[in-house]
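Visitor: Could you take me in for a close look at the annotated site of this protein? Once we've been there, I'd like to hear about the helix packing and any backbone oddities too.

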Amino acid sequence: MATKRYILSLSSAEFKNFIDSIDVVLSDCDGVLWKETQVIKNSPETVNKFKELGKKFFYITNSNTKTRSEFVDKCKNLKYDATIDEIVCSSFLAAMYLKEKRFNKKAYVVGSDGITKELEAEGIKHFGVGPDVTEGDEVEMIENFKPDPEVGAVIVGFDKHFSFPKLVKAATYLQDPNVHFIGTNCDVERPSPNTNKFPGTGCFIKIIEMASNRSAVMLGKPESFLSEYIIKKYGLNPQRTLMIGDNCNTDILLGKRCGFKTLLVLTGITTQNDVDAMSASTTSSKDLIIPDYYANELGDVLKMIASS
């Protein structure tokens with residue numbers, strides 16, 4: 001089984017070799033840099049230190065509820081320095097995907113205005129965002145629904161207003177095999193601000209996939225559309241790129257698929273119990289998503305820099 005290294009266990013020489021081997025840092029956001037609206041302690045200082053050391057730093061998030069410009073504002077509010085070109089979010093990727101397809105029809109969106117604002121920036125027509133509740137009998141709702149013939153894509157992201165009518169409409173449009181079925185990201189869970197479960201976008205996508213008997217084209221981590229986009233956009237050398245994340249199934253898997261170095265932090269989805277289970281597993285390494293390094297928090301990197 002591949003060996004993961006606890007970042008605080010590295011010798012000064014080992015840590016220096018690690019840092020010196022990196023030119024570019026790609027970081028997940030929620031669970032690494034913040035939890036919803038609460039900054040994670042020591043993370044802003046660590047990001048600043050990466051930049052002081054001459055590393056290029058990019059924010060790579062599967063979140064689709066905001067636009068890139070709104071993420072810039074969030075970064076600034078939480079004491080992170082970011083420009084729009086340093087941010088890739090899955091709402092933006094949805095617009096880029098349809099732009100590449102030279103899409104000129106309407107998109108039905110099960111999601112939020114983070115997606116629709118990015119679509120509007122590319123001149124793509126859309127509808128569907130907001131509450132859509134069942135009024136009266138559900139059979140009558142189905143009988144009365146008249147599909148818009150101009151719809152050429154169904155985009156599914158995180159939708160706090162998800163409802164039976166939206167499920168009916170998405171599945172109905174997807175009966176046409178020529179209609180694009182786009183899922184912003186596969187995360188079935190978001191980092192929770194407490195001990196309650198916080199279901200993610202992947203839950204909505206799975207329901208619509210079952211109802212339509214189709215599989216969505218996924219855009220966010222760990223899928224190829226995102227990896228190809230960022231490697232080309234940033235001119236990355238995979239061997240000198242570090243991917244940081246809190247989720248082995250998205251962040252770390254993306255890094256492994258691309259040949260990046262990987263650092264798992266335990267401030268989000270993945271816990272110390274999960275790490276211990278990796279160590280105890282007898283499953284062959286090719287069946288496990290094992291990071292190269294792990295840390296309790298991103299700030300552990302800052303501690304190592306200070307002590308080296």
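Guide: Here's a walk that starts at the annotated site, moves on to three helix pairs and ends with a couple of backbone details. Keep in mind that this is a predicted model.

Let's begin with what the record says. UniProt, in an unreviewed entry, puts a "binding site" at Asp28, Asp30 and Asp246. Those residues span 219 residues of sequence, yet they cluster in space, with a largest C-alpha distance of 8.4 Å. Asp28, Asp30 and Asp246 also turn up in the lining of the largest pocket. The unreviewed entry in UniProt carries an "active site" label as well, and that one is given to Asp28 and Asp30. Again, the lining of the largest pocket includes Asp28 and Asp30.

Where do these two sit along the chain? Asp28 is in the loop that joins strand 2 to strand 3. Asp30 belongs to the loop between strand 2 (24-27) and strand 3 (34-35). If you're setting up a view, that loop is a handy place to centre it.

Now for the helices, beginning with helix 2 (residues 43-52) and helix 12 (residues 299-307). Their axes come within 8 Å and cross at roughly 50°. That angle makes helix 2 oblique to helix 12. As for handedness, helix 2 passes helix 12 in a left-handed crossing. On the helix 2 side, Glu45, Thr46, Lys49 and Phe50 make the contact, and they meet Gly299, Val301, Leu302 and Ile305 of helix 12. Sorted by class, the contact between helix 2 and helix 12 has 4 nonpolar, 2 polar and 2 charged residues.

Next up are helix 7 (residues 164-173) and helix 8 (residues 201-212), which pack at an angle of about 55° with their axes 9 Å apart. Helix 7 and helix 8 are therefore oblique to each other. Here the handedness is right-handed, as helix 7 passes helix 8. Leu167, Ala170 and Ala171 are the helix 7 side of the meeting, while helix 8 brings Ile207, Ile208, Ala211 and Ser212. That contact of helix 7 with helix 8 comes out at 6 nonpolar, 1 polar and no charged residues.

The remaining pair on this walk is helix 4 (residues 90-100) with helix 9, packed at about 85° with axes 11 Å apart. That makes helix 4 roughly perpendicular to helix 9. From helix 4 you get Phe92, Leu93, Met96, Tyr97 and Glu100, and these meet Phe225, Leu226 and Tyr229 in helix 9. By class, the contact of helix 4 with helix 9 has 7 nonpolar residues, no polar ones and 1 charged.

Stay around helix 9 for the next stop, a backbone detail. The peptide bond from Lys221 to Pro222 is cis, and its omega is near 10°. Pro222 is in the loop between strand 11 (217-218) and helix 9 (224-234).

One more backbone detail and we're done. Lys79 has a phi near 75°, which is a positive value in a residue other than glycine. You'll find Lys79 in the loop between helix 3 (68-77) and strand 6 (87-89).

Definitions and conventions: Residues numbered from 1 in each chain as written. Predicted model: local features only at pLDDT ≥ 70, side-chain atom pairs only at ≥ 80, totals over all residues. Heavy atoms only, no water. Axes fitted to C-alpha atoms, helices over the stretch in contact; angles between N-to-C directions. Helix = DSSP H or I, 4+ residues; strand = E, 2+ residues; numbered from the N terminus. Parallel < 35°, antiparallel > 145°, perpendicular 65-115°, else oblique. Left-handed = near helix turned anticlockwise from the far one by under 90°. Contact = heavy atoms within 4.5 Å. Nonpolar A, V, L, I, M, F, W, Y, C, P; charged D, E, K, R; others polar. UniProt positions renumbered as here; feature names shortened; annotations may be inferred. 1 Å grid on protein atoms, 1.4 Å probe; cavity = no way out; pocket = protein on both sides within 12 Å on 5 of 7 lines; lining within 4 Å.
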